[in-house]
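User: I'd like to go through the labels people put on a model like this one and ask what earns each of them. Could we start with the idea of burial?

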Amino acid sequence: MSAPQIEIQLIAAIVAIACAIPGVFLVLRKMALISDAISHSILPGIVIGFFLTEDLNSPLLILLAAITGVITVILVEAIQKTGLVKEDTAIGLVFPALFSIGVILIAKNANDVHLDVDAVLLGELAFAPFDRLLIAGIDVGPKSLWVMSLILSITIGLLIAFFKELKVSTFDAGLSSALGFSPVVLHYGLMSVSSVTVVGAFDAVGAVLVVALMIAPAATAYLLTSDLKKMLMLSIIFGVSSAIIGYWMAHLLDASISGSMTTVLGVVFLVVYLFAPNKGLIAVMYRQKQQRTEVSLLTFLLHLNNHTEESERHINHLQEHINWQRVRSKTVLDLAQKNNMITIVNSIVTLTPKGKEFTDLALEYIVTNKDEKIEHMKDDFFLFRG
Amino acid sequence: MEEKIAIRVDDLTVAYNYKPVLWDIDLTIPEGVLMAIVGPNGAGKSTLIKSILGIIDPIAGSVSIYDKPYVKQRKLVAYVPQKGSVDWDFPTTALDVVMMGTYGKLGWIKRPGQKEKKAALEALEKVGMLPFKNRQISQLSGGQQQRVFLARALVQNAAIYFMDEPFQGVDATTEIAIINILKELRKAGKTVVVVHHDLQTVPEYFDWVTFLNVKKIATGPVKDIFNDDNLTKTYGINYKVAVNQ
């Protein structure tokens, strides 16, 4: 690996971490679209900042653009508060308006300004190593690496300091407010961090990938864990690994780096969506199938419980009276036998004491909805897991 | 002995988009009562609690908790929002939710430690949820979720408890468990204010009641003011339908 290659991957990894952290909270607050809005509407801020500083990595530019991001949020909320339109409509109104101002500003000054819309949308990570930071004439590395590292340090610092406040205000804004942790302050704090991150990252990865880096890792992690800290860790891992794999994919295919990274993020999400142990599509389908079988089992056990006469307990009766297909009958019988709930002697099915107990408890649960007594059954049967 | 006033509301008016939802409310709630706020849908019951707690800014009027503004008395007050107001798919456990009750006393930045964890475990024990402490909150039944919310309020160890419809969507056992805990709180001299829907259980559960329908209709001891007259004033002529629900 050459030095620029290492630098590019380092920038990509740092951008991925810096995006993943606010992304987790945006996803949990159901505000994913806001990051899309911010990433586009910061354009006029960036253009004006660029006119003033002629440097895409200048702190003034980042500040100006971040303020535009926060203004976006304020405008969206103001429009929403009129009660005339819903939030998604408000977002759809605000960010194209601001973005188009940026586009016009670029077009009007196209000759003087080294900035074009393509670069804004897609970024150009490959060029990042060319813009060096010189301190007292010494080359200390790419500018965007330093800028993003600084942004990331601030983000991590704020996350550690205000983790508990962010958690409570995200989960329960009412309680947060009553406890004295103003949800408004935290909301705008998060919006400011998101805006700064988007501005810092957009030069490297563009306005579109920034959104993907914020939302996709968090959405993927959400499918895998029920612990906020783990969700943050997993998001960072998914973000960084997708960024690096995406870089090498681009290298291999000779394609756009940001495009490849976004593709990898999408593929990773898809794989997790399919195979996640609890929330994944396959797990859910399996669970639903099991639940259907278990409902059948319970129906069958109840039937046995209600009837002592042998004619009602004959194996063939399952097909004739309960009207089940052969396969379903067999699945249900197997499941009952496997759990020692029934015995079959001469094709006559009898409930065992264990089967009887199971039936009584399950029935009681279904009637009363009290689940203290069936706690031990939850591990073996999906039916009782709420 | 003179009765201490726990909560005083003066001329409180709250509006959403310039439409008043609470109009000129005067209310004094003495210390140590278990009070129901009743009224039809849209009467402003939740809004009243939220504006006492400073979650909603009123357009007029003032609120005091033991003669001081709420912001100075936060630590004396615990709050249980409506269960439906939060996202139960949030990645966290029952214990962690209860721990949130300790955040108020900790203040900004400081993190909860062993002391807070111990208090949270005790509160879970009190509501019978200790076996579920590590369960993800979406895996709890509606009644269990409400118990977790109650535990979170208990861990705040407050003098005044506000609860927004704690019996909504819970099973009968949980309802009894919750009301018993509320009665214990009252016995310990705490003041408990509950937004309540089921008029039939008011005389059984509460000793104090406020009738609300945008304006305050009446407030006082259940035995004195819980009558057809006030019910009719609050719910209109159809109040009997509400009772039969």
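Analyst: Sure: a residue is buried under 20% relative accessible area, exposed over 50% and partly exposed in between, using a 1.4 Å probe and counting protein chains only. This is a predicted model, where local features need pLDDT of at least 70, side-chain atom pairs need 80 or more, and totals for chains, interfaces and linings use all residues. As for bookkeeping, residues count from 1 along each chain as its sequence is written, chains are lettered from A and ligands numbered from 1 in the order written, and side-chain values use heavy atoms, with hydrogens and water left out.

User: Then why is E165(A) called buried?

Analyst: E165(A) has 0% relative accessibility, so it counts as buried. Its partner K164(A) is at 5%, so K164(A) is buried as well.

User: What makes K164(A) and E165(A) a salt bridge?

Analyst: The term asks for a side-chain nitrogen of Lys or Arg within 4 Å of a carboxyl oxygen of Asp or Glu. Here the N to O distance is 2.9 Å, so the pair qualifies. Over all chains, the search turns up 10 salt bridges.

User: How do you know that D360(A) and K356(A) pair up too?

Analyst: Their closest N and O atoms are 3.3 Å apart, so they also pass. Both belong to helix α15 (residues 353-368) of chain A, 4 residues apart, or about one turn of the helix. A helix here is a DSSP run of H or I with at least four residues, a strand a run of E with at least two, and both are numbered from the N terminus. D360(A) is at 35% relative accessibility, so it is called partly exposed, and K356(A), at 36%, gets that label too.

User: What about chain B: what makes K118(B) exposed?

Analyst: K118(B) has a relative accessible area of 56%, so it clears the exposed cut-off. E122(B) is at 45%, so it stays partly exposed. The two meet in a salt bridge at 3.6 Å, N to O, and they sit 4 residues apart in helix α5 of chain B, about one helical turn. Back in chain A, salt bridges with shared partners link E7(A), R132(A) and D139(A) into one network.

User: Why does E116(B) count as having no salt bridge?

Analyst: The nearest side chain of opposite charge is K115(B), 4.3 Å away. E116(B) is buried all the same, and it lies in helix α5 (residues 114-126) of chain B. Beyond its neighbours within four places in sequence, E116(B) has contacts (heavy atoms within 4.5 Å) with M99(B), T102(B) and L106(B).

User: What makes W88(B) buried?

Analyst: W88(B) has a relative accessible area of 11%, so it falls on the buried side. W88(B) sits in the loop between β5 (77-80) and α3 (94-99) of chain B. Outside its neighbours within four places, its contacts include Q136(B), I137(B), S138(B) and F149(B).

User: Why is chain B called as compact as a globular protein of its length?

Analyst: Chain B has 11 helices and 9 strands. Its radius of gyration is 18 Å, close to the 18 Å that the globule rule gives for 245 residues, so the label fits. That radius is taken over C-alpha atoms, and the rule is 2.2 Å times the number of residues to the power 0.38. Buried residues make up 54% of chain B.

User: And how do you know that chain A is more spread out than a compact globule?

Analyst: Chain A has 15 helices and 4 strands. Its radius of gyration is 29 Å, well over the 21 Å the rule gives for 386 residues, so it is more spread out. Its C-alpha atoms fill a box of roughly 95 × 50 × 35 Å along the principal axes, and 49% of its residues are buried.

User: Last one: what makes the phi of S347(A) worth a second look?

Analyst: Most residues other than glycine have a negative phi. S347(A) has a positive one near 65 degrees, in the loop between β3 (342-345) and β4 (348-351) of chain A. At 32% relative accessibility, S347(A) is partly exposed. D11(B), in strand β1 (residues 5-16) of chain B, also has a positive phi, about 50 degrees, though it is not a glycine. With a relative accessible area of 39%, D11(B) is partly exposed.

Technical notes
Lys and Arg count as positive and Asp and Glu as negative; His and the chain ends are not counted.
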